[in-house]
Structure formats: structure tokens, C-alpha cells
Amino acid sequence: MLKVTNLRETDNIKPIMLRAFIAKKITAMMNEYGVDNLDDIGCFVVLEKDEISAFVVSEMEFVEVLEIGDNHYLHGVRMLGDSYGEDIYLPVEVLRK
């Protein structure tokens with residue numbers, strides 16, 4: 001599990017397409033809220049495939065499947081307080097017919 005609250009921490013995100021996607025969202029949120037990091041607002045959480053137990057669907061405000069580059073992610077947002085949330089990404093395999 002990787003928790004990210006600023007652009008510097010995105011350097012640890014693999015693959016690069018997910019890194020760029022999250023960096024863009026972080027930049028937009030920091031501009032919107034006028035802050036230098038997201039410590040008081042929330043964080044982005046990138047899970048490994050085997051960390052599925054950390055993605056509890058019933059705790060999410062919403063859940064969707066995102067295609068970013070050649071990869072798919074189960075994406076959800078969990079609110080932990082009135083003004084703090086987690087934006088969570090879990091890599092998944094999508095079966096196609």
C-alpha cells in the first residue's frame with residue numbers, strides 16, 4: 001500500500017501512466033484548495049493486487065473501473081471525515097469476450 005499526499009511522493013507509483021494520472025489529480029486539488037500538499041484534505045492510496053481486502057466496497061462513496069494506459073483499476077473514494085477522503089486504486093484484471 002502506498003499513500004500519497006504530494007507530488008514528490010508520486011515518484012514511487014508504478015506504472016508511469018497511473019503516476020501521471022494521480023499527479024494531475026493532486027495538482028488540480030492543490031490548486032483548487034490553495035495548499036502545498038493534501039495532508040489536511042485526503043490522500044491517494046495505491047494498492048497491490050493482493051491487497052484486495054483493503055478495498056471494502058461497502059465503505060466507498062462510489063466505485064468504478066478505470067482504464068489507465070493498458071491497465072485497469074478498481075477506483076473508489078472513501079470519506080474518513082467531513083473534509084478528509086481517500087482516493088483508492090486497486091489493479092484488477094478485466095475479462096473481455
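How many aromatic pairs does the structure hold? This is a predicted model, and it holds one aromatic pair. The partners are F21 and Y89. Their ring centres lie 6.2 Å apart. Their planes meet at 80°. Planes over 60 degrees apart count as edge-to-face, so the pair of F21 and Y89 is edge-to-face. In general, two numbers describe such a pair: the distance of the centres and the angle of the planes.

Now place the two rings. F21 sits in helix α1, which covers residues 16–33. Y89 belongs to strand β5. The pair therefore ties together parts that are 68 residues apart in sequence. Is each ring residue buried or exposed? Buried means under 20% relative accessible area. Y89 has 0%, so Y89 is buried. F21 has 30%, so F21 is partly exposed.

Follow β5 next. This strand spans residues 84–92. Strand β2, residues 42–46, runs parallel to β5, and five bridges join the two. Within this pairing, F44 has D87 of β5 as its bridge partner. Strand β4, residues 71–81, also pairs with β5, but in the antiparallel sense. Nine bridges link β4 and β5. One position to find is M79, which stands opposite G85 in β5. Between β4 and β5, a hairpin makes the connection through two residues.

Step back to the loop before β4. It follows β3, residues 62–68, and contains G69. The relative accessible area of G69 is 32%, so this residue is partly exposed. Along the chain, G69 and P15 are 54 residues apart. In space, their C-alpha atoms are separated by 9.0 Å.

Turn now to the nonpolar residues. The largest nonpolar core has 14 residues. I13, L18, I22, I26, L38, F44 and Y89 touch the most other members. Here Y89 of the aromatic pair appears again. So does F44, the bridge partner of D87. Which elements supply at least two residues each? They are α1, β2 and β3. The largest share comes from α1, with four residues.

Look closely at I26. Leave aside its neighbours within four places in sequence. I26 is then in contact with V4, N6, L7, T10, L38 and F44. Another core lies apart from the largest one. This other core has eight residues, among them M60, L74, I88 and L90.

Note on methods
Residues numbered from 1 in each chain as written. Predicted model: local features only at pLDDT ≥ 70, side-chain atom pairs only at ≥ 80, totals over all residues. Heavy atoms only, no water. Pairing = 2+ DSSP bridges. Buried < 20%, exposed > 50% of the residue type's maximum accessible area, 1.4 Å probe, protein only. Phe/Tyr/Trp six-rings, centres within 6.5 Å; stacked < 30°, edge-to-face > 60°. Core = buried A, V, L, I, M, F, W, Y, C linked by side-chain atoms within 4.5 Å. Contact = heavy atoms within 4.5 Å.
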